[in-house]
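I opened this model to look up how its aromatic side chains sit together, and then to place them against the chain as a whole. My notes follow in the order in which I looked.

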Amino acid sequence: MAVGLGVDIVSLDRMERVLARTPSFARTVFTPQEQEYCLSKANPARHFAARFAAKEAVGKALGVGILWEGMKPSLIEVVNDFRGRPCIKLHGYAAQVAQEQGVIDVPISLSYTHDVVVANAVAITRESQVEKEKRKDVKAELAAQFRQARSILDDLGSQTAAGVEDVADAEASSQEVSDRE
């Protein structure tokens, strides 16, 4: 199934202090594209904090963290898809770790409050996708069986209705004969 689940929370105040105190932090931890994105926002610290929390959550979901031997935070990149939704792009050792574990996707969720940012990540494997497809097949099979059973019941219902009409017609004919006599 899934390799793992990762969650991380980052204080906005703390991120603001780190960015002010250590200007090299952003260059070390974030890719140039992430830096450009965050700096283009009205509150860059909030966006840096969200991306940092996402990196931590992804590292945890992969089971290695972001400071594991060979792992660096910049190898886990947060990008936005065509809808603006945050997605993960893995590079170098992070991509290798994911590949070795059969990870095919790492969806993330980011949430903000006035004080903190929280990120969640789930490492999804090929195996979990196969299991998902099996469940879809079972559901499709059950739906087909239900449709078939419903069709049989509908046919029986129409046959029963026709039989009832035949009986009613026979009784009506019998009544007409009795009335004539």
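**Aromatic rings**

I began with Phe30, which has a relative accessible area of 1% and therefore counts as buried, the cut-off being under 20%. I kept in mind throughout that this is a predicted model.

Next I looked up the partner rings. I found the centres of the Phe30 and Phe48 rings 4.9 Å apart with their planes at 55°, so I entered this pair as tilted. In the sequence the two residues are 18 apart, and the pair links distant parts of the chain: Phe30 lies in the loop between helix H2 (24–29) and helix H3 (32–39), whereas Phe48 belongs to helix H4 (residues 44–61). I checked the burial of both partners and noted that Phe48, like Phe30, is buried.

How many aromatic pairs does the rule give? I counted three aromatic pairs, taking rings whose centres lie within 6.5 Å. Among them is the pair of Phe25 and Phe30, which I recorded as edge-to-face, with 6.1 Å from centre to centre and 75° between the planes. Phe25 has a relative accessibility of 18%, and because the limit is under 20%, I entered Phe25 as buried. Taken together, Phe25, Phe30, Phe48 and Phe52 form one aromatic cluster.

**A patch on the surface**

I then turned to the surface, where I found a nonpolar patch formed by Leu5, Val7 and Val122, with about 240 Å² of accessible area together. I located Val122 in strand E6, which covers residues 116–125. Is Val122 buried, partly exposed or exposed? Its relative accessibility is 31%, and because partly exposed covers the range between 20% and 50%, I noted Val122 as partly exposed.

**The chain as a whole**

Finally I looked up the overall make-up, and I listed six helices and six strands. Reading from the N terminus, I wrote down the order of elements as β-α-α-α-α-β-β-α-β-β-β-α. Of the 181 residues in the chain, 32% are buried, and I noted that Phe30 and Phe48 are buried as well. For the contacts between residues at least 6 apart in sequence, I recorded that 56% join residues at least 24 apart. My last entry concerns the exposed area of the chain, which comes to about 11,600 Å², with carbon and sulfur atoms supplying 54% of it.

Notes:
Residues are numbered from 1 along each chain as its sequence is written. This is a predicted model: local features need pLDDT of at least 70, side-chain atom pairs count only at pLDDT 80 or more; totals for chains, interfaces and linings use all residues. Side-chain values use heavy atoms; hydrogens and water are left out. Patches are made of residues with over 30% relative accessible area and no salt bridge: like charges are joined within 9 Å, nonpolar side chains (Val, Leu, Ile, Met, Phe, Trp, Tyr) within 5 Å. Accessible areas come from the Shrake-Rupley method with a 1.4 Å probe; for residues, only the protein chains shown count as cover. A salt bridge is a side-chain nitrogen of Lys or Arg within 4 Å of a carboxyl oxygen of Asp or Glu. Helices (H or I, at least four residues) and strands (E, at least two) are DSSP runs, numbered from the N terminus. Buried means under 20% relative accessible area, exposed over 50%, partly exposed in between (1.4 Å probe, protein chains only). Rings of Phe, Tyr and Trp (its six-membered ring) pair if their centres lie within 6.5 Å; planes under 30 degrees apart count as stacked, over 60 as edge-to-face and the rest as tilted. Contact means heavy atoms within 4.5 Å.
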